[in-house]
Amino acid sequence: MHETGIAAEILDIAEREAARRGAAGIAAVTVRVGDLSGVVAEALSFAFEALCAGTAAAGARLHVERVAVRARCPHCRRESQPGADLVLWCPDCGQPLDVIAGQELQVESLELREAV
Ligand SMILES: [Zn+2]
């Protein structure tokens, strides 16, 4: 499953950052997931929770922020938000659009547990 590999990467990033900051554990991780990334948020959360068991991130919550697809026309610079049909043609001049948002898959922030 695609999401398991991604969840493992997210956990890896979170664990390295927690170690770097000397934190006792990880309470929550926020990720930005573009609508074009092909990631199913529910599957990602499920995989993440399963991987966290027994690690410093045990019980950590995964917040998934969806990023809507946005596109820009390279010709007239008009920006648009393609609908579910993902028509990637400029409504004004018919040029193929450049996708400028919606493909991201990144760790946005971490909530760490302080060492006591
Ligand atoms: Zn245009």
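Here is a friendly exchange about this predicted model, moving from its zinc site to its sheet, its core and one helix.

Student: Let's start with the metal. Which protein atoms are the donors of the zinc ion?

Tutor: Good place to begin! The donors lie 2.3 Å from the zinc ion, and in sequence the residues that carry them follow the spacing C-x2-C-x13-C-x2-C. They are the SG atoms of Cys73, Cys76, Cys90 and Cys93.

Student: What is the arrangement of the four donor atoms around the zinc ion?

Tutor: Look at the angles, which for a tetrahedral site must all lie between 85 and 135 degrees. Here the donor atoms subtend angles of 101 to 124 degrees, so the arrangement is tetrahedral.

Student: Where in the chain do Cys73 and Cys90 sit?

Tutor: The two are 17 residues apart and link distant parts of the chain. Cys73 has a relative accessibility of 0% and therefore counts as buried, and Cys90, at 5%, is buried too. Cys73 belongs to the loop between strand S3 (70–72) and strand S4 (79–80), and Cys90 to the loop between S4 and strand S5 (98–101).

Student: Which strands stand at the edges of the open sheet?

Tutor: The sheet has three strands in the order S4-S3-S5, with antiparallel pairing. An edge strand here has a single partner, so one of its sides is left without a neighbour in the sheet. The strands in that position are S4 and S5.

Student: What is the bridge partner of Ala71 in S4?

Tutor: S3 and S4 pair in the antiparallel sense over two bridges. In S4, the residue bridged to Ala71 is Ser80.

Student: I noticed Arg77 in the loop between S3 and S4. What is its phi?

Tutor: Nice catch! Most residues other than glycine have a negative phi. Arg77 is not a glycine, yet its phi is positive. This arginine is also exposed, because its relative accessible area is 51%. The phi of Arg77 is about 65 degrees.

Student: Is Pro82, in the loop between S4 and S5, buried or exposed?

Tutor: Pro82 is in contact with Val69, Arg70, Ala71, Val87 and Leu88, leaving aside neighbours within four places in sequence. Its relative accessibility is 13%, and the cut-off for burial is under 20%, so Pro82 counts as buried.

Student: Now the largest nonpolar core. Which element gives the most residues to this core?

Tutor: This core has 19 residues, and those touching the most other members are Ile10, Ile26, Val29, Val31, Leu44, Phe48 and Leu62. Two or more residues come from each of helix H1 (2–20), strand S1 (25–34) and helix H2 (41–52). The top contributor, with six residues, is H1.

Student: What is Leu62 in contact with, leaving aside its neighbours within four places in sequence?

Tutor: Leu62 is among the core members that touch the most others. Its contacts include Ser45 of H2, a residue that is buried. The full set is Ile10, Val29, Val31, Leu44, Ser45 and Phe48.

Student: Which elements are included in what covers the buried residues of H2?

Tutor: The buried residues of H2 are Ala41, Ala43, Leu44, Ser45, Ala47, Phe48 and Cys52. Their cover includes H1, S1 and strand S2 (61–67).

Student: One last thing: how far apart are the end C-alpha atoms of H2?

Tutor: H2 has 12 residues, and at 1.5 Å a residue the helix should span 16 Å. After H2 comes Gly54, with a positive phi near 85 degrees. The end C-alpha atoms of H2 agree with the expected span, being apart by 16 Å.

How values were computed:
Residues numbered from 1 in each chain as written. Predicted model: local features only at pLDDT ≥ 70, side-chain atom pairs only at ≥ 80, totals over all residues. Heavy atoms only, no water. Donors = N, O, S within 2.8 Å, 3.2 Å for Na, K, Ca; no water. Tetrahedral: all angles 85-135°; square planar, octahedral: opposite > 155°, others 65-115°. Helix = DSSP H or I, 4+ residues; strand = E, 2+ residues; numbered from the N terminus. Buried < 20%, exposed > 50% of the residue type's maximum accessible area, 1.4 Å probe, protein only. Pairing = 2+ DSSP bridges. Core = buried A, V, L, I, M, F, W, Y, C linked by side-chain atoms within 4.5 Å. Contact = heavy atoms within 4.5 Å. Expected span 1.5 Å × (residues − 1).
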